[in-house]
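Me: I should like to learn how to read several features of a structural model. Please take them one at a time, with the general idea before the case.

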Amino acid sequence: MKSTALLLFVFLLWHPAAQAQEPFYKGKNLTIVVGTKAGDVYDLYPRLLAEYWSKYIPGNPNIIIQNVAGAASLIAANQVYNLGKPDGLTLGAIYPALYFDQLTKRPEVKFDWTKFNWIGSTVRSNHLLYMRADTPYKSMEDVRKASTAPKCGATGTASTGYYMPKLFEETLGTKFDIVAGYQAGQDIDLAVERGEVQCRAFTITAYFAREPFISWRKRNFVRVLIQTGKKRDEKLSDVPTIYELMDRYKTPEPPRRLTTVVLAAGDFGRPIVAPPGVPADRVKILRDGFAKAIRDPNLLKEADKRQLEIDPTSSEELESLAKEVIAATPEVVERMKKLIGQETK
Amino acid sequence: MIEAFVSGFWQVLAWPAFGYLLIGITVGFFVGLLPGIGGLATLALMLPFSYTIKEPVPAFCFLLGMLAVTGTTGDLTSILFGIPGEGSSAALILDGYPMSKKGEAGRALGAAIMSSLIGSVVGALALALSIPIMRPLVLLFGSPELFIIVIMGITFIGTLSGRSMMKGLLAGGAGLMLAAIGVDPQTGSLRYTFGNLYLWDRLDLVPVVVGLFAIPEIVDLAVRGTSIAGSKPEKLTGVWDGVVDNFRHFWLVMRCSLIGVYFGVLPVLGANVAQWISYAHAVRGLKDKNAAGKGAVEGVLGPGAATTSTRGGDLIPTVAFGIPGSGSMALLLGALLIVGLQPGPEMLKTRLDVTFAMVWILIIANIIVCGVCFLILNQLAALTFIRGHLLIPFLLFFVFIGSFTANNSYGDLIVTLIFGVMGYLMVLFQWPRPPLILGVTLGKIAENYLWISTAAYGAKWLLFPSVVILIMITIVTVAYPTITIKERTGRARYERPGDAI
């Protein structure tokens with residue numbers, strides 16, 4: 001009995017010391033909770049990352065993807081933020097626009113966007129709006145002057161298909177009729193092909209990576225009217241940015257502030273987050289590892305093959321961006337509510 | 001074209017493609033058989049494995065081969081246990097399970113397997129034949145037309161109501177109301193979510209179907225305290241009879257296969273809807289209306305053929321536009337991109353052989369799985385002679401695991417339980433369950449397309465020639481049985497035999 005106790009005592013003395021020599025992540029599972037169903041584009045990025053990230057984390061943990069889909073990744077964000085034990089072994093891959101819900105004070109939001117430990121984002125996603133080429137709307141100017149508004153397809157009110165055209169309305173004085181309720185983005189493209197709706201706002205990346213857009217561009221079926229990046233995308237050098245148009249139409253300051261807050265979602269891109277309370281040294285390990293992994297030539301080659309564009313955002317940038325968007329004034333928040341379909345009372 | 005057709009065939013049979021096909025079939029075989037665990041969830045799990053396969057045809061042999069057979073083996077579980085093997089196999093329970101209880105399991109299984117084979121071949125041929133006309137075919141149906149088609153689907157609640165039309169309509173109405181749960185896409189308002197995030201995305205069909213159909217059967221098995229098939233362990237007979245049934249009712253099988261293809265092509269709809277429509281179609285044609293729900297082989301043939309033929313139909317918009325026709329096709333599309341293929345018009349020009357390879361995969365996979373099914377039928381049927389008490393823990397385990405794969409959420413388990421209790425009460429008080437399922441499935445789709453049609457065209461869409469024609473067809477299908485059958489002895493029944501509970 002005595003000897004057992006002694007053994008235990010020695011072991012306890014020895015054990016933490018032994019751990020300190022070994023990297024924390026050695027032999028452990030690092031879980032990434034993905035806020036969408038498997039196979040979604042939001043899911044493909046963390047899966048790609050998981051294959052290369054481990055190499056750059058001392059101890060080479062086993063990286064596991066867990067899909068917790070639902071409520072536009074709000075469930076995953078809540079779950080990761082409120083972990084019982086924030087030990088740095090569970091991360092989240094969540095939607096970039098979730099801070100809209102925090103700003104508009106949705107009661108279901110159980111996180112503080114500024115307190116997440118931001119690890120990094122795989123790709124920035126700026127947006128564009130395409131319009132069928134056989135419509136009279138050749139430019140945003142035409143949409144402004146048109147007597148009947150073009151119809152843009154959208155899935156739900158929380159989607160870019162819905163709030164981007166609304167944002168253009170707010171800032172540029174263009175009018176769009178938004179037809180919401182399509183099952184998925186591809187159903188909108190089909191509806192455009194059929195002529196049911198004429199336009200759709202979504203990511204530039206997808207526009208250049210996928211069908212039907214590849215064939216559409218070949219037969220000049222649609223025309224891109226506007227893009228949301230600060231600079232023109234090199235593949236869309238003849239398309240004006242929202243900022244250029246705001247200058248042209250002398251957009252006043254309040255809608256401009258709204259634009260900054262809304263479009264920040266594009267810079268958040270496809271973020272990976274850790275909950276608050278994770279020890280700082282582990283956060284640093286994860287961040288450094290991410291920054292290296294995302295530049296790994298093999299990852300880039302594989303991403304290219306899978307047609308996943310890589311354009312990372314650093315953890316520092318994400319962190320300051322998060323503070324910036326949450327500091328939005330009540331006035332901006334009121335405008336935002338209108339944008340995402342929540343009428344102000 | 002012929003060259004690509006032949007080349008596709010040989011590419012599927014070449015090594016290692018054929019090996020991958022066999023692996024895919026093996027996985028799909030068990031996934032289909034296990035209650036609740038569905039093709040879609042498994043496809044998502046298997047997708048990362050396919051990343052390592054660098055060639056398109058072998059990758060597709062694996063994924064599509066797996067998907068192609070889940071429908072077939074799912075039917076077997078429905079027939080033998082009265083528990084849906086797949087969400088899209090639930091309709092086979094209605095007549096298949098009573099057949100098992102009557103001791104006609106062999107015939108039911110034979111009929112289901114053969115009709116699945118015929119369905120898959122029809123689906124694959126439809127895919128092959130429609131290659132030149134794919135685009136206009138898919139573009140034919142806009143939101144207004146889809147809305148009317150969904151309404152037509154809702155009218156089938158009448159046929160699925162069984163003895164009491166009033167109960168059926170009420171159950172269907174309850175289903176439509178349950179479909180309203182969630183975030184409304186038009187205004188973003190939350191309906192009946194009670195502050196619960198799980199309910200934002202509306203009820204997932206898998207836990208609802210599994211709860212509604214599987215739990216009552218398991219309870220029933222526990223109460224009876226015997227094995228599923230009673231106490232007479234005999235050899236399975238009548239399998240060949242079931243196979244021949246397919247040719248006795250050949251045109252029914254063909255019509256239901258085409259229903260499947262058609263619902264596969266239409267976006268959003270699919271096997272989940274096609275099974276009920278084809279079941280309703282099959283029992284409507286019965287001479288003796290009272291036979292439905294009591295083990296009429298037609299009620300097995302119809303949905304058996306339709307669920308597998310949707311796979312071919314599903315692939316049509318996926319290949320023609322690069323626009324997936326269903327959830328599983330969206331995943332397959334991802335796999336196509338990873339192996340470096342861009343589905344769409346370009347692929348039809350440059351890699352037509354891959355498209356034809358898909359056709360061949362659908363056909364070959366189903367032929368193989370049918371052969372395997374016939375070989376092991378006796379072993380499978382033997383499961384129904386195992387004492388219920390030994391079987392129930394496993395069934396419950398798989399049922400809940402299967403539900404859980406829908407969203408990986410505890411909400412899935414709770415929904416399964418709630419609908420399980422509801423299903424039990426419905427059976428007890430003789431309320432028909434299929435109208436409820438049809439309501440839940442179609443409610444959301446109907447709502448969305450109504451909104452889209454109105455937002456896009458105002459009220460003008462009501463006068464589109466295509467819409468007017470579809471409305472007329474709907475009215476005729478509703479009125480037809482009432483006009484022709486003067487002496488109606490009763491409507492289609494779905495209920496289990498009286499000795500059940």
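Me: Among contacts in chain A between residues at least 6 apart in sequence, what percentage join residues at least 24 apart?
Reply: The model is predicted. In chain A, 77% of the contacts between residues at least 6 apart in sequence join residues at least 24 apart. Chain A has 15 helices and 10 strands, and buried residues account for 58% of its 345 residues.

Me: How should backbone angles be read, and which residue in the loop between helix H4 and strand E4 of chain A deserves a look?
Reply: Most residues other than glycine have a negative phi, and most peptide bonds are trans. Lys105(A) has a positive phi, near 55°, and sits in the loop between helix H4 (99–103) and strand E4 (117–121) of chain A.

Me: Is Lys105(A) buried or exposed?
Reply: The cut-off for exposed is over 50% relative accessible area. Lys105(A) counts as exposed because its relative accessibility is 67%.

Me: Where does Gln430(B) lie?
Reply: Gln430(B) belongs to the loop between helix H19 (410–428) and helix H20 (434–457) of chain B. Its phi is also a positive value, near 60°. With 39% relative accessibility, Gln430(B) counts as partly exposed.

Me: Which residues does a cis peptide bond join?
Reply: The cis bond joins Trp15(B) and Pro16(B), with omega about 5°. Pro16(B) is placed in the loop between H1 and helix H2 (17–33) of chain B.

Me: Which residues form a nonpolar patch on the surface?
Reply: Ile2(B), Val6(B), Trp10(B) and Leu13(B) form the patch, together offering about 410 Å² of accessible area. Val6(B) lies in helix H1 (residues 2–13) of chain B and is partly exposed, at 39% relative accessible area.

Key: Residues numbered from 1 in each chain as written. Chains lettered and ligands numbered in written order. Predicted model: local features only at pLDDT ≥ 70, side-chain atom pairs only at ≥ 80, totals over all residues. Heavy atoms only, no water. Helix = DSSP H or I, 4+ residues; strand = E, 2+ residues; numbered from the N terminus. Buried < 20%, exposed > 50% of the residue type's maximum accessible area, 1.4 Å probe, protein only. Contact = heavy atoms within 4.5 Å. Patch = residues over 30% accessible without salt bridge, like charges linked within 9 Å, V, L, I, M, F, W, Y side chains within 5 Å. Areas by Shrake-Rupley, 256 points an atom, 1.4 Å probe, with all protein chains shown as cover. Salt bridge = Lys/Arg side-chain N within 4 Å of Asp/Glu carboxyl O.
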